[in-house]
Amino acid sequence: MTEQLRLMAVHAHPDDESSKGAATMAMYVSQGVDVLVATCTGGERGSILNPKLQGDPWVEENIHEVRRKEMDAAREILGVKQAWLGFVDSGLPEGDPLPPLPEGCFALQEVADAAAPLVKLIREFRPHVITTYDENGGYPHPDHIMTHKITMAAFDAAGDPDAYPEAGAPWQPSKVYYNHGFPMGRIRAMHAYLVENDLESPYGEWIEGWEKSGRKEREITTRVVCDEWFEIRDRALIAHATQIDPDGPWFRIPLDVQKKVWPTEDYELVRSLVDTDLPEDDLFAGLRASVTTA
């Protein structure tokens with residue numbers, strides 16, 4: 001018997017799916033893979049980052065509805081399915097000391113409770129592979145960190161018949177990855193190419209700050225070549241108009257340069273219940289022999 005490969009990407013807010021792993025998802029959709037984005041919150045407390053929409057009273061008053069429509073547009077562009085987990089955006093605390101998180105927000109939920117709707121979704125969709133953020137959230141937004149926590153909890157619980165019995169028949173995903181949207185190897189390679197070719201680089205201060213911080217680079221186990229779908233990624237990102245300025249820094253590096261210097265999206269395999277050889281070039285490595293795309 002053959003079975004369609006299925007991929008689930010778990011993200012904190014609408015727009016995260018388009019800035020982290022979007023070209024990978026679009027590529028797999030083109031191959032017949034069933035792809036579902038699970039969006040934890042509605043992004044209600046996200047700032048309006050596009051200067052063209054800042055100060056628009058209708059957008060500010062209806063941000064939840066606006067961001068849902070943006071997500072619909074991005075979903076159509078990427079060709080993926082999408083489901084809301086229904087939590088309320090925690091916002092990004094700023095200041096010293098940091099203010100408390102808003103009552104009832106996603107990041108303040110008990111992990112076991114917040115994992116329940118994701119377990120249900122995993123059992124319904126039955127993904128073979130899940131992608132999410134590392135334990136630092138990719139960057140330390142409380143919703144990204146919480147997304148990591150519930151994804152790892154749900155990965156373990158979804159296949160356990162004694163866990164969340166009300167959430168449907170057990171299903172055990174085979175692999176879970178952290179997505180790495182901006183690994184320092186990519187940043188350094190882009191910076192070097194731009195400088196060598198007398199082009200302006202936005203990465204100098206980024207690299208300097210990283211080196212001063214003493215942070216260690218994450219391991220990349222899996223590089224998915226998906227540069228043919230970078231245009232689709234960018235279209236999906238621009239669909240999130242409240243979050244993305246099409247004239248902003250996201251789009252200052254020409255696509256041909258991006259494709260030449262770093263044609264992959266990069267991942268870290270953190271759990272695998274199937275045998276696979278590292279490094280990989282496919283999120284479904286170790287699975288294709290037993291699961292054939294329908």
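**Exercise 1.** Which residues is Thr 264 in contact with (heavy atoms within 4.5 Å), leaving aside its neighbours within four places in sequence?

*Solution.* Thr 264 contacts Arg 223, Val 224, Val 225, Cys 226 and Phe 230. The model is predicted, so local features need pLDDT of at least 70 and side-chain atom pairs count only at pLDDT 80 or more, while totals for chains, interfaces and linings use all residues. Residues are numbered from 1 along each chain as its sequence is written, and side-chain values use heavy atoms, with hydrogens and water left out.

Step 1: Thr 264 is placed in strand 7; helices (H or I, at least four residues) and strands (E, at least two) are DSSP runs numbered from the N terminus. Step 2: with a relative accessible area of 12%, Thr 264 is buried. The cut-offs are under 20% for buried, over 50% for exposed and partly exposed in between (1.4 Å probe, protein chains only). Step 3: the side chains of Thr 264 and Asp 266 form a polar contact of 2.7 Å. Such a contact is a pair of N or O atoms within 3.5 Å; within protein, one must be able to donate a hydrogen and the other to accept it, and residues adjacent in sequence count only if both atoms are side-chain atoms.

**Exercise 2.** Determine which strands pair with strand 7 and in which sense.

*Solution.* Two strands pair if DSSP finds at least two bridges between them. Step 1: strand 5 (residues 175-180) and strand 7 (residues 264-272) run antiparallel and are joined by six bridges. In this pair, Asp 266 of strand 7 lies opposite His 180. Step 2: strand 6 (residues 222-225) is also antiparallel to strand 7, with four bridges. Here Tyr 267 of strand 7 faces Thr 222.

**Exercise 3.** Place strand 4 (residues 129-132) among its partners, and state whether its faces are covered or open.

*Solution.* Step 1: strand 1 (residues 6-11) runs parallel to strand 4, joined by three bridges, and Leu 7 stands opposite Val 129. Step 2: strand 4 is also parallel to strand 5, over four bridges; Ile 130 has Val 176 of strand 5 as its bridge partner. Step 3: in a regular strand the side chains alternate between the two faces of the sheet. Step 4: in strand 4, Val 129 and Thr 131 lie on one side and Ile 130 and Thr 132 on the other; all are buried, and both faces are covered.

**Exercise 4.** Check the length of helix 4 (residues 63-78) and find which of its residues are buried.

*Solution.* Step 1: the expected span is 1.5 Å times one less than the number of residues. For the 16 residues of helix 4 this gives 22 Å, which agrees with the 22 Å between its end C-alpha atoms. Step 2: the buried residues are Ile 63, Val 66, Arg 67, Glu 70, Met 71, Ala 74 and Leu 78. Viewed down the helix axis, they fall within an arc of 140° and so line one face; the arc is that of the directions from the axis to the C-beta atoms. Step 3: Lys 69 and Glu 76 are exposed on the other side of helix 4. Step 4: the elements against which the buried residues pack include helix 1, helix 2 (22-30), strand 2 (34-41) and helix 9 (230-239). Step 5: just after helix 4, Gly 79 has a positive phi of about 80°.

**Exercise 5.** Describe the surroundings of Glu 17 and Thr 242, and state whether each is buried or exposed.

*Solution.* Step 1: Glu 17 sits in helix 1 (residues 16-19) and counts as buried because its relative accessibility is 0%. Step 2: beyond four places in sequence, its contacts include Met 71, Ala 74 and Leu 78. Step 3: the side chain of Glu 17 reaches the backbone nitrogen of Asp 15 at 3.0 Å and makes a polar contact of 2.6 Å with the side chain of Ser 18. Step 4: Thr 242 lies in the loop between helix 9 and helix 10 (255-261) and is buried, also at 0%. Among the residues that Thr 242 touches are Ile 63, Val 66, Arg 67 and Glu 70.

**Exercise 6.** How many helices and strands does the protein have, and what is its radius of gyration?

*Solution.* Step 1: there are 10 helices and seven strands. Step 2: the radius of gyration is 19 Å, close to the 19 Å that the globule rule gives for 294 residues, so the protein is as compact as a globular protein of that length. The radius is taken over C-alpha atoms, and the rule is 2.2 Å times the number of residues to the power 0.38. Step 3: 49% of the 294 residues count as buried.

Methods: Contact means heavy atoms within 4.5 Å.
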